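This briefing covers selected features of the structure shown below. The topics are the contact between two chains, one helix and one loop residue.

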Amino acid sequence: MNRQGSDGMTMIEKNVGRQQHRLARDKSYLQSKLLKPNKKQSLENFFGKAIAMSCAALLLIAVISIIYFIASKGLSTFFVNQVSIVDFLTGLKWDPEGEPALFGAFSFILGSFLVTVLAALVAAPLGIGAAIFMNEIYPTFGKKFVKPVIELLVGIPSVVYGYVGLTVLVPFIRERFEVLGFSLLAGGLVLALMILPTITSVATDAIEAVPQDMRNAARALGATRWQTIWHVVLHGALPGCLTAIVLGMARAFGEALAVQMVIGNTSKLPESIFDPISTLTSAITLNMGNTIQGTAYNNALWSLALLLLLMSLFFIMILRILGRKKLDNR
Amino acid sequence: MRAKTIDRIATYVLTGIAVLIIAVLVGLLGFILTNGWHKLTFDFITSPPDLLKAGGGVGPQLFNSLYLLVLTMLISLPLGLGAGIYMAEYAPNNRITQSIRLCIEVLSSLPSIVVGLFGLLVFVTMTGWGYSLMSGALALTVFNLPLLVRISEDAIRNVPKSQKEASFALGISKWRTVVTVLLPAALPGIVTGAILASGRVFGEAAALLFTAGMSSPDLIFHDFNLDSPTSPLNPFRPAETLAVHIWKVNTEGLTPDARDVADGAAAILVLAVLLFNLGARWFGTWLFKKMTSVTR
């Protein structure tokens, strides 16, 4: 059994020696491994962070380049084609192909504001009412039916809204009121339907955020449900509801195709709610494809786009101010 | 009036509003689907449109919409995920982070026509690609990115902190933790959000008018040569999508059966949106159950 090796050690002694040696080697290996930074991992860490960072930086670049390019094109109407800014904003005549060419965009600006305000006037009470219903009156039914319905309404593409407006709303107005049908009213109603889900979901969040204690306190004082809603809940949720309306208005102001399909597109000033009008967005969609880049007409369209961009920045400013108010209230 | 009477009236009014909204949606969906249902034949879905005669289909448009969606998602999903990871895990609380947040806000509230015009200037004219699927996909990326960033940031933030700490305690590096622990846990939320975002991309038209164009070449569906202008897979050919097609047949009005075509196309769009919506919910919950074994 006890076989002798050539150097006079037993097999067992040999094995033990070998193992000790291996252990020592492993130990020093582990030590060096634990004490030195892992190059592969730190490289991975570095590149991972760099990739994530550059993706985020892309957002900054996108916004800056959008503002830069639209502004540089839009301002060239005033600096290259020498159209006065005051004339552009207040002029009543839009005749870019006439002699002399006239660039009075007031009717477009007015049209955009009118449809937006009309849409907000229709959608705000409905949206906030639905939000109250979902939270205060019938939460189970509201959460089960109204909420999914609202979510579905968000998803329907804007051209579909425009198309339904064109095939249902416009003929209806035409027959009911004996007018053209393509009108400020049709545009406002289509937009109201489109911004309704936005207003409802944001207002719902605001109303949900009102502490339950405040409702309980009001009810304990003998207030009816409506008194609680009106004096306590809506009061607390006011900044949130305003945010909802402004968000909806921002969406309405920038909507292009649905509005363009139903408002009739004339550059004349409207005399009543049943008259056709034009908005900034509809003027751009209709004419951008037919004008040659670099001409005064084309540049004027870019100026309209610049106005749209500025308005959307303005809406964001209002939203930020409202957001700060919300924080102050808490 | 007594307070109780007012209370009762208010309850009726608010209930009326809720019922009105549901009725409008049901009416809207019912109108679109019943009008378009008879158009949804195999022939209509696959045959090319006919500009001057009745009886054209929307085959190429439907294909373009789907292909554009895939391209857009291929570009915007990694970017949105990267930016979401940065905002959730790395971003320090300083001015730069705040300005990135402001940028997300600005991008998400930009009118889509403005995004389209920006695309016209940069992706169509400056790159020299002309109206093309690629330009359209890039414009839609600008329009889609803020939403995806928000979705992935929220999903990553919602992963329980203990999971991250456990991973750090095992000596796993930060990036490894993000990729192997946080992302899988956040996946159900990201997938649900991405599917919902796809629905939005699928129906978008205003940003595509001047980027992907309003015409589609005659596609030869067995042509897989990416350079050929008639190959359906060529990303540098003009492509009219379904949503743009609805707008075009209604405003240009050369097609005699414009109403029919638009009815059918609208029905397809709405069905697709419904599918995306339900699919997102169902798939999200399924994935959540599969990956976390939590029963809700």
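The contact between the chains draws 65 residues from chain A and 66 residues from chain B. On the side of chain A that touches chain B, the largest share, 19 residues, is supplied by α2(A). By character, the residues on this side of chain A are 46 nonpolar, 14 polar and 5 charged. The model is predicted.

**Helix α4 of chain B**

- Helix α4 of chain B comprises 15 residues (residues 95–109), which at 1.5 Å a residue should span 21 Å; its end C-alpha atoms are 21 Å apart, in agreement with that expectation.
- The buried residues of α4(B) are B:Ile100, B:Cys103, B:Ile104 and B:Leu107.
- Because these buried residues cover an arc of only 100 degrees around the axis, they lie on the same side of α4(B).
- In an α-helix there are 3.6 residues a turn, so residues three or four places apart point the same way.
- The cover over the buried residues of α4(B) includes α2 (39–79) of chain A and α6 (133–157) of chain B.
- Exposed residues B:Arg95 and B:Gln98 are carried on the face of α4(B) turned away from its buried side.

**Residue A:Glu255**

- A:Glu255 is placed in the loop between α10 (238–254) and α11 (257–262) of chain A.
- A:Glu255 counts as buried because it has 29 C-beta neighbours inside 10 Å, the cut-off being 20 or more.
- Not counting residues up to four places away in sequence, A:Glu255 touches A:Ser158, A:Leu191, A:Met194 and A:Thr281.
- A:Thr228 is 27 residues from A:Glu255 in sequence, and their C-alpha atoms are 36 Å apart in space.

Notes
Residues numbered from 1 in each chain as written. Chains lettered and ligands numbered in written order. Predicted model: local features only at pLDDT ≥ 70, side-chain atom pairs only at ≥ 80, totals over all residues. Helix = DSSP H or I, 4+ residues; strand = E, 2+ residues; numbered from the N terminus. Expected span 1.5 Å × (residues − 1). Buried ≥ 20, exposed ≤ 12 C-beta atoms within 10 Å, placed from the backbone. Arc of directions from axis to C-beta. Contact = placed C-beta atoms within 7 Å. Nonpolar A, V, L, I, M, F, W, Y, C, P; charged D, E, K, R; others polar.
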